[in-house]
Amino acid sequence: MTTRRGFIASLLAASATPTIGWADVGNPSYIAAARIPDGTFALFGIAGDGSTRFQVPLPARGHAGAGHPHRAEAVAFARRPGSFALVIDCFTGQVLHELTPPEGRQFNGHGVFIDDGAVLVTSEQASSDSQGIIGVWDVAAGYKRMHEMPTFGIGPHDMHLMPDGQTLVIANGGIATDPSDRTKLNIPTMRPNLTYLALDGSIRDKLELEPDLSKNSIRHLALRADGRVGFAMQWQGENDMAMPLLGLHRMGEAPVLASAPLADELVMQGYAGSVAFSGANQSEIAITSPRGGRIHRFDEKGTFLGAVSRTDVCGLAPLTGGFLASDGLGGLIAVTDGKPHALARENCAWDNHIVTL
Amino acid sequence: MKTPFATLAFCALALPAFADVNEVLDQHILPYFDGFTVATDTLAAQASETCDPALLKPAYTDAFNAWMAIGDLRIGPSESGALSIYFWPDKRGFTPRTLTRLIDEKDPVVQDATAYSEVSIAARGFFALEQMLYDPAFSDYRADSYNCALTTAIAADLAAQAKTLANAWAKEFAVTIRTAGQPDNGTYLSEDEALRAVYTQILSSLEFTSVQRLGQPLGTFDRPRPARAEARRSERSLKNVLLASESAYAMAGHLADWDVPHTDAAMSRLRDAATRIEDPAFQDIADPSARFRLEALQIAVQDLKTAIEGEIGGHLGIGAGFNSQDGD
């Protein structure tokens with residue numbers, strides 16, 4: 001029979017287990033990497049009101065990250081070509097694990113937890129020929145590399161888990177790079193695609209755009225609860241061509257390409273850095289261009305809604321009623337009804353992405 | 001609550017660098033936008049009397065000269081608003097294609113100046129008008145022709161655009177710059193940000209001149225591209241390089257209230273290099289010695305940019321953008 005004292009003791013024991021949840025680090029809604037004034041780098045937890053909830057050091061410039069679904073544990077990926085990813089305890093700031101890709105592989109800056117946090121998958125490429133690879137890591141075993149599977153494309157970048165929990169969507173950017181730096185090797189022949197994979201690695205769908213868009217590198221993704229995928233592109237062809245930088249896709253269907261009016265499109269300089277769905281019923285989607293200093297909003301049919309200007313803007317995430325954008329000047333900007341409103345200006349330079357927890 | 005004294009002290013501390021942004025606005029941007037409005041008004045008024053290219057060219061030249069003082073700005077209303085006035089480079093040939101379509105279809109849009117603002121930006125502004133006035137494929141028209149009405153419509157639309165843009169600068173965006181850092185300003189979260197934005201315009205103008213105005217026609221040694229020279233039909237390629245550089249230099253001068261000897265020297269070398277160019281439309285660059293002179297001018301533009309970065313950007317503590325220069 002359980003005594004009251006025994007019951008309390010077991011309760012205490014349970015709460016004393018070392019699982020620190022996101023609530024313990026101030027319930028951040030997002031994580032984002034940044035350069036701080038002393039020239040070093042850090043990972044921040046950010047709440048929906050723009051306040052920072054934690055700050056832990058990073059050993060080098062970060063790119064994107066992945067937050068564990070339950071534990072206050074984040075994986076920070078180095079910018080590509082990445083030789084490390086760090087699993088960070090967001091409560092203590094301690095590096096719990098340092099992930100290094102196997103020989104001949106490099107991280108490409110993105111990854112995501114699947115299987116309710118039991119498995120981490122990482123976007124990688126073979127150093128020799130940039131063939132895309134998904135690294136599969138066993139979280140419970142201390143982030144042990146289990147196996148890998150092909151992405152069916154060159155130079156994969158962003159990767160997400162579809163709302164069904166059973167499908168990965170991968171942006172195969174199409175660009176082969178030199179193993180030691182970011183020199184692009186195959187621009188004339190590049191052929192990016194958007195690939196959907198079952199978790200066993202079998203292919204479920206693959207989208208390639210028309211040949212005249214083959215130099216439009218598909219790099220970043222946003223997902224909607226109904227399985228609609230938004231993909232942001234970076235034009236690798238000649239400048240001032242005003243190519244569409246956003247596509248909308250649903251598995252098995254034809255894509256919709258979203259363009260802004262010519263004068264606005266030209267301002268983007270052929271470059272979209274981040275993409276996010278938001279608004280009522282996630283009926284809006286937006287992309288950022290740090291080169292153009294612009295956020296472009298579209299409706300779910302791909303119709304242009306308007307632009308917001310903000311210097312060096314790149315990170316973008318959904319926010320209640322609109323978007324949260326971050327920039328290289330430290331700004332965290334809420335965009336609601338197409339109007340910018342500063343939530344905070346931190347003394348840092350926010351890196352390319354805001355990751356929603 | 002702040003005492004008046006505390007407010008005053010804060011302003012006094014924040015003032016020095018920011019006063020200079022105001023000076024760029026008050027001494028350069030806003031007055032030259034006014035001048036641009038006047039010049040395009042004159043052009044439109046003349047074009048409503050006659051569409052004869054020979055008679056309109058002087059007013060076209062004056063208007064384009066006026067534009068060059070503020071034409072490379074790409075912030076605020078000019079960010080996208082400049083492109084329907086200045087649609088260049090036109091690598092896909094949108095301008096002649098759109099004009100040809102309007103002419104072939106005798107599109108009635110030319111009857112209504114307001115309606116013309118809905119036409120593709122490629123058929124608006126200086127380069128559309130340049131084709132109508134200077135390109136024999138378009139400019140050989142009679143007073144009762146569709147082309148004549150088209151010329152009048154483009155000139156009227158240009159004047160209307162100038163008015164809209166100048167107004168947006170004076171009434172709205174100048175206020176946005178001047179109120180940088182105030183709580184309801186979602187564009188510039190601090191005075192530094194506004195300063196950075198204005199300073200960056202100076203550098204990107206010089207970069208544009210180097211890479212596009214000069215780089216486009218230079219092409220490669222084996223394949224020069226004289227047909228890509230900016231405003232070659234009106235033979236103002238060289239003039240635009242010079243006017244854009246003078247404008248950047250003038251704005252830099254307003255921004256800095258200290259001596260900038262390297263910048264001054266670089267500008268004077270740039271002027272010298274410009275005097276050595278023989279063909280104002282850069283059509284002679286297949287000739288190696290002409291090419292050499294144009295490359296020297298390009299280097300002079302880059303040197304001016306480097307000097308400004310060193311003497312002004314360094315002083316203000318402004319470096320390149322964190323994300324815009326990196327990318328992924």
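In this predicted model, chain A holds an open sheet of four strands, arranged in the order E16-E17-E18-E19 and paired in the antiparallel sense. At its edges lie strand E16 (216-223) and strand E19 (256-258) of chain A, each of which pairs on one side only. On average, neighbouring strands of this sheet are turned by 30° against each other, direction ignored. Within the sheet, strand E17 (residues 229-235) of chain A runs antiparallel to strand E18 (residues 246-249) of chain A, and four bridges join the two. A helpful place to look is Phe231(A), whose bridge partner in E18(A) is Gly247(A). As background for a newcomer, strands of a sheet pair through backbone hydrogen bonds, and the pairing can be parallel or antiparallel.

Further along chain A, another open sheet is built from four strands in the order E24-E25-E26-E27, again with antiparallel pairing. Strand E24 (313-319) and strand E27 (339-345) of chain A are the edge strands here, each pairing on one side only. The average turn between neighbouring strands of this sheet is 25°, direction ignored. Six bridges connect strand E26 (residues 331-336) of chain A with E27(A), and the two are antiparallel. One of the pairs to find on screen is Ala334(A) with its bridge partner His341(A) in E27(A).

This second sheet leads on to the meeting of the two chains. Which elements of chain A each supply at least two residues of the side that touches chain B? They are helix H2 (262-267), E26, E27 and strand E28 (349-356) of chain A. Counted over the whole contact, 32 residues of chain A meet 22 residues of chain B. By type, the chain A side divides into 13 nonpolar, nine polar and 10 charged residues.

Chain B is assigned two domains, with domain 1 covering 18-178 and domain 2 covering 191-316. Taken over C-alpha atoms, the centres of these two domains of chain B are separated by 23 Å. Their contact draws 22 residues from domain 1 of chain B and 26 residues from domain 2 of chain B. On the domain 1 side, helix H1 (4-49), helix H2 (53-68) and helix H6 (125-134) of chain B are the elements that give two or more residues. H1(B) gives the most to this side, with seven residues. The residues on the domain 1 side of the contact comprise 12 nonpolar, four polar and six charged.

Domain 2 of chain B begins at residue 191, and helix H9 of chain B runs over residues 191-218. How does the length of this helix compare with what is expected? Its 28 residues should span 40 Å at 1.5 Å a residue, and the end C-alpha atoms are 39 Å apart, so the two values agree. H9(B) also has a kink of about 30°, centred on Thr209(B). After the helix comes Gly219(B), with a positive phi near 50°.

A few backbone details complete the tour. Most peptide bonds are trans, and most residues other than glycine have a negative phi. In chain A, the peptide bond from Arg80(A) to Pro81(A) is cis, with omega near -5°. Pro81(A) sits in the loop between strand E5 (73-78) and strand E6 (85-89) of chain A. Chain B has a cis peptide bond too, between Trp88(B) and Pro89(B), where omega is about 0°. The loop between helix H3 (78-81) and helix H4 (94-105) of chain B is where Pro89(B) is found. Back in chain A, Asp115(A) is a residue other than glycine with a positive phi, near 55°. Asp115(A) belongs to the loop that lies between strand E8 (105-114) and strand E9 (119-126) of chain A.

Definitions and conventions. Residues are numbered from 1 along each chain as its sequence is written. Chains are lettered from A and ligands numbered from 1 in the order in which they are written. This is a predicted model: local features need pLDDT of at least 70, side-chain atom pairs count only at pLDDT 80 or more; totals for chains, interfaces and linings use all residues. Two strands pair if DSSP finds at least two bridges between them. Axes are lines fitted to C-alpha atoms, for helices over the stretch in contact, and angles run from 0 to 180 degrees between N-to-C directions. Domain bounds come from an automatic or database domain assignment. Two residues are in contact if their C-beta atoms, placed from the backbone, lie within 7 Å. Ala, Val, Leu, Ile, Met, Phe, Trp, Tyr, Cys and Pro count as nonpolar, Asp, Glu, Lys and Arg as charged, and the others, Gly among them, as polar. The expected span of a helix is 1.5 Å times one less than its number of residues. The bend at a residue is the angle between axes fitted to the seven residues ending there and the seven starting there.
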